[in-house]
Amino acid sequence: MSEAIAGASVTPLRLGLVGSPNSGKTTLFNALTGLRAKVGNYPGVTVERREGDATIGGRALRVIDLPGTYSLDPISPDEAVVRQVLEGQIADVATPDGLIVTVDACTLERSLVLVAQVLALGLPTCLVLTMTDELKARGGEIDHALLRDALGIPVVGVVGHRGLGLAALRALLPDPGAWERPAVPPPVDDADRNGWVVSVLDRVLVKPAARSARTEAIDRIVLHPVLGTLLFTVVMVLFFQLIFAWATPAMDAIDGGMGQLGEFVRLTLPAGFLADFLADGVIAGVGGVIIFLPQILLLFTLLYLLEDVGYMARAAFVVDRVMGRIGLEGRAFVALLSSYACAVPGIMAARTVPSPRHRLVTILVAPLMTCSARLPVYALLIGAFVPATSVMGPIGMQGLVLLGLYLLGALSALAAAAILNRTVLRGESMPFYLELPPYRVPPLRLVASQVWGAASAFLKRAGTIILATSMVLWMLLTFPQVEVPPELPAESAAAYQLERSAAGTLGRALEPFIEPLGFDWKIGVGLVASLAAREVIVSTLAQIYAASEEDEVSLREAIRTDRHTETGELVFTPATVASLLVFFVFALQCMSTLATIRRETNSWGWAAFAFGYLLVLAYGASFVTYRVVDAFA
Amino acid sequence: MSVAIPLSELPVGALAAVVAVEIDGPVGRRLRDLGFRPDAAVTCRRRAPLGDPRVYELAGSQICLRRSEASGIQVRPTQAPPTGSDNE
Ligand SMILES: Nc1nc2c(ncn2[C@@H]2O[C@H](COP(=O)(O)OP(=O)(O)OP(=O)(O)O)[C@@H](O)[C@H]2O)c(=O)[nH]1
Ligand SMILES: [Mg+2]
């Protein structure tokens, strides 16, 4: 569908998508443009304007997806965008030539207020009734022809995610100038408008929708005070079990493949810098991260399933009381939940939080939620050092430790929010309202395409930022070349050279600072490199061990058996492993997150504050963990 | 004719008609946008595990409000709680 528009002479027709949150705007946007913008079954998925091209009936169209809004009087930053776009207040963004108003057919009554406000703008407008399948399933009926008469604008009914009704919509879109316009716009005054809504409803609503039987039945369990909590716990425990149980075979297969690729390079290329560079630099580094693809796939599949089914808003409802105690609202919790995928969308989702102060607190604590970039680090260390023993039936130790790390992150985020609210950012508490969407069966294609989007983002990072840092690090780990003393046994020669390389020198210089945390110079190099992105510590360690080991062993095996050159003690003791895990729970090692905080708060100061307080927290927590575990182990 | 009570006092399962939203400013406006307008029918459907917030059903949608907001909406109960209320 989306094609580059040939020649600059044709200005595309601009069509804006306006509608209540969760009414199916992005689903339509994706169907029209062929793009894959984020869709989810909770209000407030889209938080910024997004444009996409389509050619329909030979006419070039630019479709503009907008955040959902209940009214054109904004109360949060994402809603403000809608008004700005519709009124042409953003520089270089022209006012749309036509508007597509989406209305969830099951909430026609409420949506008519927004329709009235949009019609008052005077732009050519058409109305798309979405979720017509649900209206029918719930026994409701709307007379489309009468609705068209009552509003005086074109009306199209669709089932967005299945593409039903899109042909009629496509036939309409290329010519907004020809759309019917209301003879008299609806009243703007509050009381008159209420009367207007009632009169329209009287005419067009043949039968109102009954409660959704499915949603009722599921909510009876999910929102049950006891059963719901129990169910939540079971789902969480199982989820982290599966990440290890299901991903391990696939991981081992990729790991084996990478090892063979490395050996193949060594066999085909003459021994020397080029072979070393490819095998120890590129393949070991990038491959070390790529082996965690199965875990990433599992994580995102579950996350998106929960999101598309409609669970997120319920989770926000259940924990709102706790959030209230801390001084936040349930909506901030939804933003924090999206940070499980990645802190960047999580921080952006804070735009749906009306209070600026709450928004800031949400942004500052979002990096504490365990993002998917931490997963490779956790999986490496847990896979190597936590025995795969069973604690109780199918519940294994590794999954429990992983769950514990996720919980530690979430609890710290809440604690940090509570402290920030009481100190740095004191102020009044804010109102909270949240619509609970009906449960929906997500189309498999949608889940698959979203998971694929996340997986390809992961692979793209491996191919760009991780590849680049791997290449730079290989240089720093290889040069300068030094004279190895001849009396040194052959197996120590590589390690000797490594410790005197540029990276090794840097790591050694760092040792006094990180020694109290139980880290040696190799971990230090990994920590510095991971400032670019957290997974880089995995690729860095993979490179260091690939360069220092004679034969190809897996990274897991290498860190398990590594010993200090001078003392001969194990490098990764239980205390060191625990301390390193805790460090990653807290530290903000991610350039994109910092850049996003800067953009969203419009200040480098807050980005620096977030980095600083999390670094202090990470250092302190690691220090304590190291001492405590060391004393007990 | 029953007397008006705050929405937050409406028992789970009970039906009522909105009398007025007594909250000023953007929050009151937003509640009206969500459908809390005079004569709108509203039901209290569920309570969160700790009793607050609650889910109200209004014009075909389920909206979750905290006590602090719900107490600013005056409603008039129109009917005794029907049998089989959910969360009690
Ligand atoms: N049954 C049904 N579900 C739909 C239809 N259109 C969209 N959905 C689902 O409804 C949910 C919301 O869709 P979105 O396209 O994200 O809605 P949105 O209006 O962009 O939402 P915000 O960005 O949050 O304002 C998703 O789970 C979709 O799969 C439809 O016509 N019928
Ligand atoms: Mg959207």
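Helices and strands here are DSSP runs, numbered from the N terminus, with at least four residues for a helix and at least two for a strand. On that footing, Asp92(A) sits in the loop that runs between helix H2 (77–86) and strand S4 (98–104) of chain A. The model is a predicted one, and this loop offers a handy way into its backbone: phi of Asp92(A) is near 70°, a positive value in a residue that isn't glycine. Asn22(A) also has a positive phi, near 65°, and is likewise a residue other than glycine. Its place is the loop between strand S1 (13–19) and H1 of chain A.

Two cis peptide bonds can be added to the backbone picture. In chain A, the bond from Phe479(A) to Pro480(A) is cis, with omega near -5°. Pro480(A) belongs to the loop between helix H19 (444–478) and helix H20 (490–499) of that chain. In chain B, the bond from Asp52(B) to Pro53(B) is cis too, its omega being near 0°. Here Pro53(B) falls in the loop that joins strand S3 (41–47) to strand S4 (54–58) of chain B.

Next comes the ligand. Ligand 1 has 25 residues around it, and the closest are Lys25(A), Thr26(A), Thr27(A), Thr46(A) and Gly160(A). Sorted by class, this shell is made up of nine nonpolar, twelve polar and four charged residues. Two helices of chain A, H1 (25–33) and H4 (132–137), each put at least two residues into the shell. The largest share, three residues, is the work of H1(A).

Some of the neighbours can be pinned down atom by atom. An oxygen atom of ligand 1 lies 2.7 Å from a polar backbone atom of Gly160(A). On the side-chain front, Asp133(A) has an N or O atom 2.8 Å from a nitrogen atom of ligand 1. Arg440(A) joins in as well, with a polar side-chain atom 3.4 Å from an oxygen atom of the ligand. As for how much of the ligand is wrapped up, the protein covers 97% of the 660 Å² of accessible area that ligand 1 has on its own.

The two chains meet over an interface in which 37 residues of chain A are in contact with 32 residues of chain B. Between them, chain A and chain B bury about 3,200 Å², with 53% of that on carbon and sulfur atoms. On the chain A side, Arg110(A), Phe317(A) and Arg321(A) lose the most area to chain B, and together they account for 19% of what that side buries.

Polar links show up across this interface too. There are 13 residue pairs in polar contact between chain A and chain B, counting pairs with both residues at pLDDT 80 or more. Several elements of chain A each give at least two residues to the side that touches chain B: helices H3 (108–119), H7 (190–204), H8 (213–222) and H13 (311–326), along with strand S11 (433–436). H13(A) brings the largest share, six residues. Broken down by class, that side of chain A has 17 nonpolar, six polar and 14 charged residues.

Charged pairs round things off. Side chains of opposite charge can pair when their charged atoms come close. Between chain A and chain B the count is six salt bridges. One salt bridge brings together the side chains of Arg45(B) and Glu216(A), at 2.2 Å from N to O. Over all chains, a search of the whole structure turns up 35 salt bridges. Within chain A, the side chains of Arg351(A) and Glu48(A) form a salt bridge with an N to O distance of 3.9 Å. This pair ties together distant parts of the chain, 303 residues apart: Arg351(A) is in the loop between helix H15 (343–349) and helix H16 (356–365), while Glu48(A) is in the loop between H1 and strand S2 (50–56).

Methods
Residues numbered from 1 in each chain as written. Chains lettered and ligands numbered in written order. Heavy atoms only, no water. Near = heavy atom within 4 Å. Polar contact = N/O pair within 3.5 Å; in protein donor to acceptor, adjacent residues only side chain to side chain. Areas by Shrake-Rupley, 256 points an atom, 1.4 Å probe, with all protein chains shown as cover. Nonpolar A, V, L, I, M, F, W, Y, C, P; charged D, E, K, R; others polar. Contact = heavy atoms within 4.5 Å. Buried area = accessible area lost by both parts, 1.4 Å probe. Salt bridge = Lys/Arg side-chain N within 4 Å of Asp/Glu carboxyl O.
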